[in-house]
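Notebook open, viewer loaded. I'm jotting down what I looked up, one stop at a time.

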Amino acid sequence: MSQPEITVLYFAAASTATGLTEQSITLPASQYPLSSLSSFLVSLHPDVGLDKILQSSQWSVNAEMVDNVEEVTLKGEEEVAIICPVSGG
């Protein structure tokens, strides 16, 4: 069976850090907790400050904001967006 894939959408600072606006990612497991996605994305994009950006960002899955990442399990085919806080200055 093939590994599940998701699409990650990068906005604002996350897009600037990774140089991407969208990326297809193969999940390491068929049931993958959203709470683990941050560290996985940081491992794909080391040394660009993504870890700090993700700490203050919110997630949306299939265009719905996620209140509690611990309650969401990715199974593949989802569109996951990283919503960065917008700051002036």
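A cut-off before I start: I call a residue buried when its relative accessible area is under 20%, and exposed when it is over 50%. I also keep in mind that this is a predicted model.

**Entry 1: Gln23**

I looked up Gln23 with that cut-off in hand. Its relative accessibility is 19%, so Gln23 counts as buried. I found Gln23 in strand β2, which covers residues 22–26.

Which side chains does the Gln23 side chain make polar contacts with? One is the side chain of Tyr10, at 2.6 Å. The other I noted is the side chain of His45, at 3.0 Å. I then listed the contacts of Gln23, skipping neighbours within four places in sequence, and got Ile6, Thr7, Val8, Tyr10 and His45.

**Entry 2: along β2**

Next I walked the strand. In a regular strand, side chains alternate between the two faces of the sheet. I see that alternation in β2: Gln23 and Ile25 point to one face and are buried. Glu22, Ser24 and Thr26 point to the other face and are not buried.

I checked the pairing too. β1 and β2 run antiparallel and are joined by five bridges. Within that pair, I noted that Glu5 has Thr26 of β2 as its bridge partner.

**Entry 3: the sheet**

Zooming out, I read the strand order as β2-β1-β7-β4-β5, five strands in an open sheet with mixed pairing. β2 and β5 (64–65) are the edge strands with a single partner each, so one side of each has no neighbour in the sheet.

At the β5 end, I looked at its pairing with β4 (residues 58–61), which is antiparallel over two bridges. Val61 sits opposite Glu64 of β5 there.

What lies across the sheet strands β1, β2, β4 and β7? I found helix α2 (residues 37–44), which runs at about 105° to β2.

**Entry 4: loops and odd phi values**

I went hunting for positive phi in residues other than glycine. Asn62 came up, with phi near 50°. I placed Asn62 in the loop between β4 and β5, and at 46% relative accessible area it is partly exposed.

Glu77 is another: not a glycine, yet its phi is positive at about 75°. I found Glu77 in the loop between β6 and β7, where its relative accessibility of 74% makes it exposed.

I also stopped at Glu71, in the loop between β5 and β6 (73–74). Glu71 is exposed or buried? Exposed, with a relative accessible area of 65%. From Glu71 to Ser57 I get 17 Å between C-alpha atoms, for 14 residues in sequence.

**Entry 5: the whole chain**

Last, the overview. I count three helices and seven strands in the protein chain, and from the N terminus on they run β-α-β-β-α-α-β-β-β-β. The radius of gyration is 12 Å, close to the 12 Å from the globule rule for 89 residues, so the chain is as compact as a globular protein of that length. The C-alpha atoms fill a box of roughly 45 × 25 × 20 Å along the principal axes.

I also noted that 37% of the 89 residues are buried. For contacts between residues at least 6 apart in sequence, 54% join residues at least 24 apart. The exposed area is about 5300 Å², and carbon and sulfur atoms supply 48% of it.

Technical notes
Residues are numbered from 1 along each chain as its sequence is written. This is a predicted model: local features need pLDDT of at least 70, side-chain atom pairs count only at pLDDT 80 or more; totals for chains, interfaces and linings use all residues. Side-chain values use heavy atoms; hydrogens and water are left out. Helices (H or I, at least four residues) and strands (E, at least two) are DSSP runs, numbered from the N terminus. Buried means under 20% relative accessible area, exposed over 50%, partly exposed in between (1.4 Å probe, protein chains only). A polar contact is a pair of N or O atoms within 3.5 Å; within protein, one must be able to donate a hydrogen and the other to accept it, and residues adjacent in sequence count only if both atoms are side-chain atoms. Contact means heavy atoms within 4.5 Å. Two strands pair if DSSP finds at least two bridges between them. Axes are lines fitted to C-alpha atoms, for helices over the stretch in contact, and angles run from 0 to 180 degrees between N-to-C directions. The radius of gyration is taken over C-alpha atoms; the globule rule is 2.2 Å times the number of residues to the power 0.38. Accessible areas come from the Shrake-Rupley method with a 1.4 Å probe; for residues, only the protein chains shown count as cover.
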